[in-house]
4 protein chains.
Amino acid sequence: MINGELRTAAPIRWAMVGGGRGSQIGYIHRSAALRDRAFALVAGAFDLDPERGRAFGVDLGLDPARCYPDYAALFAGEAARPDGIQAVSIATPNNTHFAIAKAALEHGIHVVCEKPLCFTVAEAEELVALSAARHKIVGVTYGYAGHQLIEQARAMVEAGELGAIRIVNLQFAHGFHSDAVEETNPATRWRVTPAFAGPSYVLGDVGTHPLYMSEVILPHMRIKRLLCARQSFVKSRAPLEDNAVTLMEYDNGAFGTVWSSAVNAGSMHGQKVRIVGSRASLEWWDERPNQLSFEVQGEPARIIERGMPYLHPAAQADDRIGAGHPEGLFEAWANLYARFAIAMEATNTGDAERLSSIRYPDVHAGVEGVRWVEACVRSADAGGVWIDYTCG
Amino acid sequence: MINGELRTAAPIRWAMVGGGRGSQIGYIHRSAALRDRAFALVAGAFDLDPERGRAFGVDLGLDPARCYPDYAALFAGEAARPDGIQAVSIATPNNTHFAIAKAALEHGIHVVCEKPLCFTVAEAEELVALSAARHKIVGVTYGYAGHQLIEQARAMVEAGELGAIRIVNLQFAHGFHSDAVEETNPATRWRVTPAFAGPSYVLGDVGTHPLYMSEVILPHMRIKRLLCARQSFVKSRAPLEDNAVTLMEYDNGAFGTVWSSAVNAGSMHGQKVRIVGSRASLEWWDERPNQLSFEVQGEPARIIERGMPYLHPAAQADDRIGAGHPEGLFEAWANLYARFAIAMEATNTGDAERLSSIRYPDVHAGVEGVRWVEACVRSADAGGVWIDYTCG
Amino acid sequence: MINGELRTAAPIRWAMVGGGRGSQIGYIHRSAALRDRAFALVAGAFDLDPERGRAFGVDLGLDPARCYPDYAALFAGEAARPDGIQAVSIATPNNTHFAIAKAALEHGIHVVCEKPLCFTVAEAEELVALSAARHKIVGVTYGYAGHQLIEQARAMVEAGELGAIRIVNLQFAHGFHSDAVEETNPATRWRVTPAFAGPSYVLGDVGTHPLYMSEVILPHMRIKRLLCARQSFVKSRAPLEDNAVTLMEYDNGAFGTVWSSAVNAGSMHGQKVRIVGSRASLEWWDERPNQLSFEVQGEPARIIERGMPYLHPAAQADDRIGAGHPEGLFEAWANLYARFAIAMEATNTGDAERLSSIRYPDVHAGVEGVRWVEACVRSADAGGVWIDYTCG
Amino acid sequence: MINGELRTAAPIRWAMVGGGRGSQIGYIHRSAALRDRAFALVAGAFDLDPERGRAFGVDLGLDPARCYPDYAALFAGEAARPDGIQAVSIATPNNTHFAIAKAALEHGIHVVCEKPLCFTVAEAEELVALSAARHKIVGVTYGYAGHQLIEQARAMVEAGELGAIRIVNLQFAHGFHSDAVEETNPATRWRVTPAFAGPSYVLGDVGTHPLYMSEVILPHMRIKRLLCARQSFVKSRAPLEDNAVTLMEYDNGAFGTVWSSAVNAGSMHGQKVRIVGSRASLEWWDERPNQLSFEVQGEPARIIERGMPYLHPAAQADDRIGAGHPEGLFEAWANLYARFAIAMEATNTGDAERLSSIRYPDVHAGVEGVRWVEACVRSADAGGVWIDYTCG
């Protein structure tokens with residue numbers, strides 16, 4: 001049970017690139033990193049407008065001298081300090097992720113990056129190599145995966161409680177962009193503009209989230225081939241899709257589907273993961289993350305609750321408040337950031353055992369997301385054909 | 001509001017083929033047909049075992065002389081009587097539907113048939129022609145379509161409350177056959193045996209149900225092409241599938257999916273219809289058939305309830321008890337059977353206006369189901385490829 | 001499993017008093033009684049207006065000669081026939097129940113009566129005596145109690161699966177009469193008029209329903225004392241209440257509450273029964289009658305489904321369609337009417353063993369409801385004080 | 001929208017009494033206070049065992065010199081420092097709240113206190129007077145009230161969207177203490193021991209939570225009289241109750257009920273607030289705090305979602321992440337603590353306007369909870385009689 005005591009020797013000195021005053025996601029990065037002093041925010045390049053960025057940093061309690069105009073100045077400036085940053089989080093539009101992450105690693109700084117890590121598998125592999133060469137980690141903020149019941153699902157699958165896995169049913173299908181909100185909302189605008197967003201919109205923006213969760217829950221399964229159909233229901237978004245369906249065949253004979261959408265009108269999130277085995281199914285929904293439905297064929301369905309003593313120890317480890325009280329997305333992110341901190345410290349000290357005890361969305365998870373989007377787009381653009389899929 | 005008063009001049013004289021003592025579905029046919037005296041059960045060929053069939057018929061109150069050993073004897077015997085049957089319901093294994101329906105029509109008897117109507121489109125077209133030639137209807141028991149809120153959904157789509165339709169998300173995915181229950185359960189055995197079941201298992205057995213509902217709700221849309229992947233997770237069922245996913249492109253640019261399954265472990269029915277438009281979505285679930293979720297983007301989701309005065313008149317017409325009280329599948333079937341009776345009478349009297357006022361799953365709906373299964377199987381057996389699809 | 005075969009030697013010859021064309025409840029009585037030929041409708045006095053009543057009866061298929069102007073003529077006329085009625089259902093305003101039931105019993109006719117059976121315990125006891133003297137049953141249409149999962153709840157309590165019973169939490173709190181709908185709706189008007197409704201509105205009209213269910217589920221428990229507070233939120237209804245809360249102490253130390261309401265705005269039915277034991281709780285809701293929540297402290301809650309093989313045999317006996325398919329209120333009523341028919345036949349033949357095997361809301365249940373309402377009103381009218389309560 | 005920027009001139013220097021390593025609630029106090037730097041933890045007396053308390057404080061990043069053995073030393077030591085604490089949170093067993101709060105106020109320190117504030121109304125009034133005399137606030141951690149949709153409910157009631165309020169239906173009825181867990185669990189043990197817990201268990205421990213929410217939502221209504229029945233189902237807890245039902249009459253004619261329980265077996269929290277008006281009802285449940293059900297009689301029920309633009313501004317002010325993402329109890333507490341900080345600063349600067357713009361559970365809310373428990377116990381111990389109730 002988490003009670004606020006430090007889990008590393010000291011808070012990790014940390015900065016952000018992006019995530020300024022108008023950012024949708026800057027706050028959750030900070031809220032997660034600063035929880036229980038896993039990280040200490042000491043510097044930043046929060047905004048394209050240096051003045052605004054500095055003012056924001058000061059409001060967050062930073063020394064104005066450590067509020068930089070851009071990431072290059074940030075990395076250079078901090079490198080020159082004995083107490084310079086040890087880690088940076090990247091919360092900028094997609095097209096900048098690769099360059100910033102690369103520069104950070106080259107400066108010997110651990111990276112936490114928004115998905116997608118980059119636009120191509122080639123770029124992603126470059127970051128893998130750099131991460132290994134510099135002995136610095138790259139964490140990717142698949143934040144939903146920090147929900148405790150995902151660990152419970154993983155443990156139950158591993159224990160065979162579902163039997164052989166047959167069906168993987170994934171969706172993240174919200175409706176917030178049913179209209180062309182990008183005409184007035186800049187936070188949506190860059191997401192539907194290829195130059196900033198990359199080769200896809202919803203596949204990368206939402207679809208990779210449940211995909212990553214399925215990788216956590218089903219570590220033994222590999223996609224063999226996939227097929228994708230994508231649509232641009234708001235026509236001005238073409239070639240980027242606002243809706244997509246992906247079919248997947250796994251190496252163990254299982255079959256998967258992913259529904260990614262931003263035009264599922266009226267749906268709040270609609271992020272659901274259903275894993276069907278020969279004996280039982282598990283279903284999890286991110287809007288009610290404190291419950292996991294466990295459905296054994298021929299028995300009453302069971303509602304598994306976060307925080308209960310009957311859970312697998314891995315699903316209890318990150319409990320903060322006990323059962324009955326709802327935890328939300330902020331705790332899920334804080335769980336991830338705490339693991340990032342531990343992974344950074346363990347990497348710094350060369351503690352391989354501790355490093356292997358921590359599960360987090362690492363650079364390989366980042367690569368996998370890029371690879372999957374790339375393959376989906378290739379399939380869809382060829383008319384919805386099957387594509388052989390090789391994992392890294 | 002239905003209160004039990006006759007809606008035709010007199011109950012229609014009616015028989016069943018199949019549906020005997022051990023039948024899963026015989027009872028719901030009778031319960032629906034006899035509700036409010038739409039039909040009067042006067043004859044039958046209930047069982048392969050003539051003695052057992054006769055005993056059963058007598059228990060149902062029939063004259064033993066009108067309990068026949070088989071459908072041929074039934075049609076011949078009744079044709080010889082001045083008070084012979086006017087209609088027959090066919091509740092036998094799939095492989096016999098075509099021959100029995102054909103014989104009935106040839107005897108000038110109206111037909112109500114379990115889906116699938118037959119195995120091939122060619123056969124189906126033959127029944128269409130025969131139905132037209134003999135001026136007798138063929139009704140197909142897509143029983144879920146009789147739920148009142150399906151009419152509400154249709155009326156709301158027609159009124160434009162959803163905007164332009166973009167996504168059609170269908171599923172009927174139960175888990176009752178996660179194991180090879182056919183080894184001990186004869187009612188399942190024939191369903192997974194090609195000679196009795198035809199070219200598919202779950203596509204035809206469950207998938208066509210939500211497909212038909214989508215046809216009712218979205219009469220203006222046509223499938224242009226489709227792609228299907230099917231699996232036999234219980235291997236002994238091959239080549240018949242126990243799980244399948246179908247993708248569909250519509251002529252208006254909408255995209256559809258159908259998940260058909262008998263191995264969705266732990267799921268009771270899982271029959272769901274979600275229609276997504278540019279403005280709003282509708283979602284209906286057959287296990288809670290008295291609610292319809294109406295989700296306008298940007299507004300609170302609304303739970304529409306069966307029986308309420310705010311419903312479209314077409315959705316109130318078949319109300320029997322008022323809101324708050326749950327109606328179930330038996331009322332849905334009874335609604336269909338009542339429409340079958342009216343359609344039979346209107347056909348007999350040549351009342352085209354009344355006939356056109358009644359919506360029911362007719363012979364064309366039967367053809368459509370056969371065509372869709374045929375196309376799905378063709379796509380799946382070619383490795384999951386896109387198939388051009390032409391509606392009747 | 002019910003499949004439509006006769007469960008008595010022959011359908012019981014049956015009439016209705018009340019329940020005519022505009023009746024809210026006439027149809028469900030007929031639908032339930034005629035299901036599977038438990039009863040045969042052969043006569044009636046459906047309406048205060050004899051002509052309208054006759055026309056309605058003819059529409060239902062009756063011989064016009066057996067459509068009577070009132071109950072007195074009905075009982076006299078039928079007594080004169082060799083094929084006269086054996087049973088009658090009373091679906092008239094409350095103030096007439098006692099006189100009609102008494103007259104029926106005096107004519108040697110079995111009675112099915114809407115609740116409340118009468119207005120006072122003294123009247124109720126008179127019917128008990130008459131029922132015993134004439135060897136005729138009185139059934140009371142606590143229709144919700146026919147839902148199959150009520151039997152499951154009873155069996156689970158009996159088996160000790162809940163431990164010692166501590167809390168009984170009952171409610172039937174709808175919102176349909178939040179406004180003074182009686183100004184335009186005659187079916188509500190008599191319910192809020194003391195001369196027709198008796199000493200209470202919602203306590204008797206809705207509260208006795210979950211009360212009876214608690215008696216079925218908890219046959220070993222007796223109320224020792226109770227306290228009631230009642231309100232007339234629509235002031236013109238005073239002294240009749242449209243909202244009431246009753247507290248109850250049981251002989252085993254358990255504590256109960258009943259919330260009866262017609263002004264719970266926006267609630268559809270809100271009929272819920274929650275039984276809390278030292279080990280586990282059960283909760284059932286009439287709007288989703290196919291599910292029963294079983295909540296063992298310290299374990300995941302379980303959703304028990306109607307129709308599943310894991311149910312107690314008593315909860316499977318009345319299954320008509322299998323699990324996954326929703327059954328509704330009509331099946332619940334049909335289950336009760338089938339038991340009424342069996343009880344009538346067993347009474348006629350003196351088959352005590354068969355009679356004791358059938359559980360139905362009998363004359364004693366009717367008395368109990370009257371007694372409870374009487375005590376609640378007495379408590380409320382004294383300012384909400386505790387009243388000693390002695391069961392019959 | 002909250003994005004982490006400071007809302008006061010500087011973080012408030014803050015200490016805790018209690019809330020050490022094994023505490024159930026210490027972590028949520030710290031997590032809430034430290035969120036977005038509303039407070040800075042600089043001192044503490046965390047534990048009865050001074051060594052353990054100091055070690056814990058050091059783990060939290062404190063100067064060991066400011067980890068005190070008890071509250072007296074804390075207040076004295078900090079008073080001697082120019083940078084001494086400005087506020088303290090009290091998270092100790094109930095019997096110590098009064099003395100610690102009094103001492104803090106006497107030292108000129110703002111107080112945040114766990115409920116109940118104290119044991120008697122007389123004590124509570126003493127704290128009111130002291131708070132006024134010293135110009136220091138007392139905040140009470142009715143943490144659930146910080147959920148954003150409670151503000152939405154308040155705004156909707158104020159706007160008349162429910163019509164005249166008729167029924168107030170409150171419950172907090174969990175099942176975690178169905179067994180005598182206090183035999184092994186010290187955190188439960190003191191709660192059921194009168195010397196530590198005061199005159200009640202569940203009335204004060206859980207019942208006052210929804211009661212306070214009802215005060216927030218319905219500020220215009222006053223309880224006129226109440227009646228309470230309480231039980232000790234685990235007998236060793238007597239005279240303290242583990243289950244209680246309270247009836248309440250309000251000055252506007254509304255009727256209320258509160259179900260407080262720790263033996264509602266299998267229920268997780270069961271904290272629900274339902275407000276029924278003449279036009280519509282609102283229902284909120286703490287386990288799904290991101291949804292509010294709004295049920296207008298005669299219209300489809302609406303599911304109001306946290307974070308949506310259609311909400312009242314007061315319900316949007318504390319949004320941190322947008323709709324669709326679940327927020328949980330930690331955000332609710334953080335919202336309260338942020339208001340405590342603003343109230344402290346506004347009190348310090350004499351900014352009456354700002355102070356009046358902030359709604360938080362203040363010393364009067366604390367008094368009210370004590371008064372209500374006192375009245376409930378008095379009613380229950382007199383056999384469940386009506387007690388006149390006068391608010392402060």
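The following exchange introduces a predicted model, beginning with one chain and moving on to its sheets and chain contacts.

Colleague: How many helices and strands does chain A have?

Modeller: Chain A is a chain of 392 residues. Its secondary structure consists of 13 helices and 14 strands.

Colleague: What radius of gyration does chain A have, and what would a compact globule have?

Modeller: Along its principal axes, the C-alpha trace of chain A spans about 65 × 50 × 40 Å. A compact globule with 392 residues would have a radius of gyration near 21 Å, and the value for chain A agrees, being 21 Å.

Colleague: What percentage of the residues in chain A is buried?

Modeller: Among contacts in chain A with a separation of 6 or more, 70% are between residues 24 or more positions apart. A residue counts as buried when 20 or more other C-beta atoms lie within 10 Å of its own. Of the 392 residues in chain A, the buried share is 61%.

Colleague: Which strands stand at the edges of the five-stranded open sheet of chain A?

Modeller: The sheet has parallel pairing and follows the order E2-E1-E3-E4-E5. Its twist averages 25° from one strand to the next. Two strands have a single partner strand each, so one side of each is left without a neighbour in the sheet; these are E2 (39-45) and E5 (138-140) of chain A.

Colleague: Which residue is the bridge partner of A:Val111 in E5(A)?

Modeller: Strand E4 of chain A, residues 110-113, runs parallel to E5(A), and three bridges join them. In E5(A), the partner of A:Val111 is A:Val138.

Colleague: In chain B, which residue of E5(B) is the bridge partner of B:Val112?

Modeller: Chain B has an open sheet of five strands with parallel pairing, in the order E2-E1-E3-E4-E5. Within it, three bridges join strand E4 (residues 110-113) of chain B to E5(B). The partner of B:Val112 in E5(B) is B:Gly139.

Colleague: Are the residues on the two faces of strand E4 of chain D buried or exposed?

Modeller: In a regular strand, side chains alternate between the two faces of the sheet. Strand E4 of chain D covers residues 110-113, with D:His110 and D:Val112 on one side and D:Val111 and D:Cys113 on the other. Both faces are covered, and these residues are all buried.

Colleague: Which residues of E3(D) and E5(D) are bridge partners of D:Val112?

Modeller: E4(D) runs parallel to strand E3 (residues 87-91) of chain D, to which four bridges join it. E4(D) also runs parallel to strand E5 (residues 138-140) of chain D, here with three bridges. D:Val112 is thus a partner of D:Ser89 and of D:Gly139.

Colleague: Which helix does the chain cross through from E4(D) to E5(D)?

Modeller: E3(D), helix H4 (residues 97-106) of chain D and E4(D) make a right-handed β-α-β unit. The β-α-β crossover from E4(D) to E5(D) is right-handed, and its helix, residues 121-134 of chain D, is H5.

Colleague: How many residues of strand E10 of chain D are buried?

Modeller: Strand E10 of chain D comprises residues 271-277. It is largely enclosed by the rest of the structure, because the number of its seven residues that are buried is six.

Colleague: Which residues stand opposite D:Val276 in the strands E6(D) and E11(D)?

Modeller: Strand E6 (residues 165-173) of chain D pairs with E10(D) in the antiparallel sense over seven bridges. Strand E11 (residues 280-285) of chain D is also antiparallel to E10(D), with five bridges, and these two strands form a hairpin with two residues between them. The partners of D:Val276 are D:Ile167 and D:Ser281.

Colleague: How do the residues of chain A that touch chain B divide by class?

Modeller: The contact takes 30 residues from chain A and 30 residues from chain B. Several strands of chain A each supply at least two residues to this side, including E6 (165-173) and E7 (223-231). The residues of the side of chain A divide into 14 nonpolar, 13 polar and three charged.

Colleague: Which element gives the largest share of the side of chain B that touches chain C?

Modeller: This contact takes 35 residues from chain B and 35 residues from chain C. Helix H1 (26-34) and helix H11 (329-349) of chain B each supply at least two residues of the chain B side. By class, that side has twelve nonpolar, twelve polar and eleven charged residues. The largest share, five residues, comes from H1(B).

Notes:
Residues are numbered from 1 along each chain as its sequence is written. Chains are lettered from A and ligands numbered from 1 in the order in which they are written. This is a predicted model: local features need pLDDT of at least 70, side-chain atom pairs count only at pLDDT 80 or more; totals for chains, interfaces and linings use all residues. A residue is buried if 20 or more other C-beta atoms lie within 10 Å of its own, exposed if 12 or fewer, and partly exposed in between; C-beta atoms are placed from the backbone. Two strands pair if DSSP finds at least two bridges between them. A crossover is right-handed if, with the strands pointing away from the viewer, the path from the first strand over the helix to the second runs clockwise. Two residues are in contact if their C-beta atoms, placed from the backbone, lie within 7 Å. Ala, Val, Leu, Ile, Met, Phe, Trp, Tyr, Cys and Pro count as nonpolar, Asp, Glu, Lys and Arg as charged, and the others, Gly among them, as polar. The radius of gyration is taken over C-alpha atoms; the globule rule is 2.2 Å times the number of residues to the power 0.38. Axes are lines fitted to C-alpha atoms, for helices over the stretch in contact, and angles run from 0 to 180 degrees between N-to-C directions.
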